[in-house]
Amino acid sequence: PYSTKWEGDANPLLINDPRYAPAGVLAPKSKADLAFTMHMLSWLAVNGTAAIVEFPGVLYRSGAEQKIRKYLIDNNYVDTVIQLPPDLFFGTTIATCVIVLKKSKADNKTLFIDASAQFVRGGNKNKLTAENQQAVLDAFIQRDDVDHFARLVDNAEIADNDYNLSVSSYVEERDTREAVDIAELNAEIARIVARQQELRTAIDEIVADLEGSG
């Protein structure tokens, strides 16, 4: 459940719970998302992988959640962050994300994948096709930079960015605006101005004729 409530610091025993204690702080009482994340991390095998669907707010909210992200990044547990398209799941239209956790990474970097455009509309929901899934999987396996789709980021850069894990902070969005030919635009403006001048001259001549005949 996204941003469900839990006891949090209202229960003084939880801060010493071995699942949550390593981060030194508890997830907010009103948003238990990262409490679930810490729980799964605690049970993750050294050579295991956990993929957790999250509400996107956990990637950038400040306070306790930022401190938990700091713990996860500083200890190199975040392998990949994947931004999913909106309207994939029943019961919500929000654009969710996936945080992939590993305890034994080969590098000190985090992969960001922007899969927000990887979908087709099917009925009243968006769907990930086999091709969409393969594109994300290929990027996940290869861990290479792909323009407007994937970027492998040093954890030091993430720390410098206040432990913000939003994919849009690291993967540049494709510019879909129509390219403008400045020279052609200037020429068109010049043609319009010249035509306006011709019309003004013609109007002035008509007015002069009318005044002369009057």
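In which helix is the place of Ala 64? Ala 64 sits in helix H2, and the model that shows this is a predicted one. The chain holds five helices and seven strands. Its radius of gyration is 27 Å, well over the 17 Å that the globule rule gives for 214 residues, so the chain is more spread out than a compact globule. The points below go from the whole chain to its cores, then to two helices and some single residues.

**The chain as a whole**

- Read from the N terminus, the order of elements is α-β-α-β-β-β-β-β-α-β-α-α.
- Along the principal axes, the C-alpha atoms fill a box of roughly 100 × 40 × 40 Å.
- Of the 214 residues in the chain, 38% are buried.
- Contacts between residues at least 6 apart in sequence can be sorted by separation, and 67% of them join residues at least 24 apart.
- The exposed area of the chain is about 12800 Å², and carbon and sulfur atoms supply 54% of that area.
- The chain carries 22 positive and 32 negative charges, and the mean positions of the two groups are 11 Å apart.

**The nonpolar cores**

- In soluble globular proteins, nonpolar side chains tend to be buried together.
- The largest nonpolar core here has 36 residues, and those that touch the most other members are Trp 6, Met 38, Leu 41, Ile 68, Leu 72, Leu 101 and Phe 112.
- Two or more residues of this core come from each of helix H1 (33–43), strand E1 (49–54), helix H2 (64–74), strand E2 (78–83) and strand E3 (97–102).
- H2 gives the largest share of the core, five residues.
- Another core lies apart from the largest one; it has 13 residues, including Ile 82, Leu 84, Phe 149 and Leu 152.
- Once neighbours within four places in sequence are left aside, Leu 72 is in contact with Thr 37, Met 38, Leu 41, Tyr 77 and Val 78.

**Helix H1**

- The buried residues of H1 are Asp 33, Leu 34, Ala 35, Thr 37, Met 38 and Leu 41.
- These buried residues pack against E1, H2 and E3.
- Two of the H1 residues, Met 38 and Leu 41, are also among the core members with the most touching partners.

**Helix H2**

- In H2 the buried residues are Ala 64, Glu 65, Ile 68, Arg 69, Tyr 71, Leu 72 and Ile 73.
- An α-helix has 3.6 residues a turn, so residues three or four places apart point the same way.
- The cover over the buried residues of H2 includes H1, E2, strand E4 (109–114) and helix H4 (155–160).
- Just after H2, Asn 76 has a positive phi of about 60°.

**Ala 64, in H2**

- What does the relative accessible area of Ala 64 say, buried or exposed? The value is 19%, and a residue counts as buried under 20%, so Ala 64 is buried.
- Ala 64 is in contact with Val 25, Leu 26 and Pro 28, leaving aside neighbours within four places in sequence.
- Ala 27 is 37 residues away from Ala 64 in sequence, while their C-alpha atoms are 5.9 Å apart in space.

**Gly 48, between H1 and E1**

- Gly 48 belongs to the loop between H1 and E1.
- With a relative accessible area of 16%, Gly 48 is buried.
- Which residues is Gly 48 in contact with, leaving aside its neighbours within four places in sequence? They are Leu 101, Lys 102 and Lys 103.
- Gly 48 and Leu 101 are separated by 53 residues in sequence, and 8.4 Å lies between their C-alpha atoms.

**Arg 143 and His 148, between H3 and E7**

- Arg 143 lies in the loop between helix H3 (130–142) and strand E7 (150–154).
- The phi of Arg 143 is positive, about 55°, although Arg 143 is not a glycine.
- Arg 143 is buried, and its relative accessible area is 16%.
- His 148 is found in the loop between H3 and E7.
- His 148 is a residue other than glycine, yet its phi has a positive value, near 65°.
- His 148 is partly exposed, with a relative accessible area of 28%.

Definitions and conventions. Residues numbered from 1 in each chain as written. Predicted model: local features only at pLDDT ≥ 70, side-chain atom pairs only at ≥ 80, totals over all residues. Heavy atoms only, no water. Helix = DSSP H or I, 4+ residues; strand = E, 2+ residues; numbered from the N terminus. Rg over C-alpha atoms; globule rule 2.2 N^0.38 Å. Buried < 20%, exposed > 50% of the residue type's maximum accessible area, 1.4 Å probe, protein only. Contact = heavy atoms within 4.5 Å. Areas by Shrake-Rupley, 256 points an atom, 1.4 Å probe, with all protein chains shown as cover. Lys, Arg positive; Asp, Glu negative; His and termini not counted. Charge placed at Lys NZ, Arg CZ, Asp CG, Glu CD. Core = buried A, V, L, I, M, F, W, Y, C linked by side-chain atoms within 4.5 Å.
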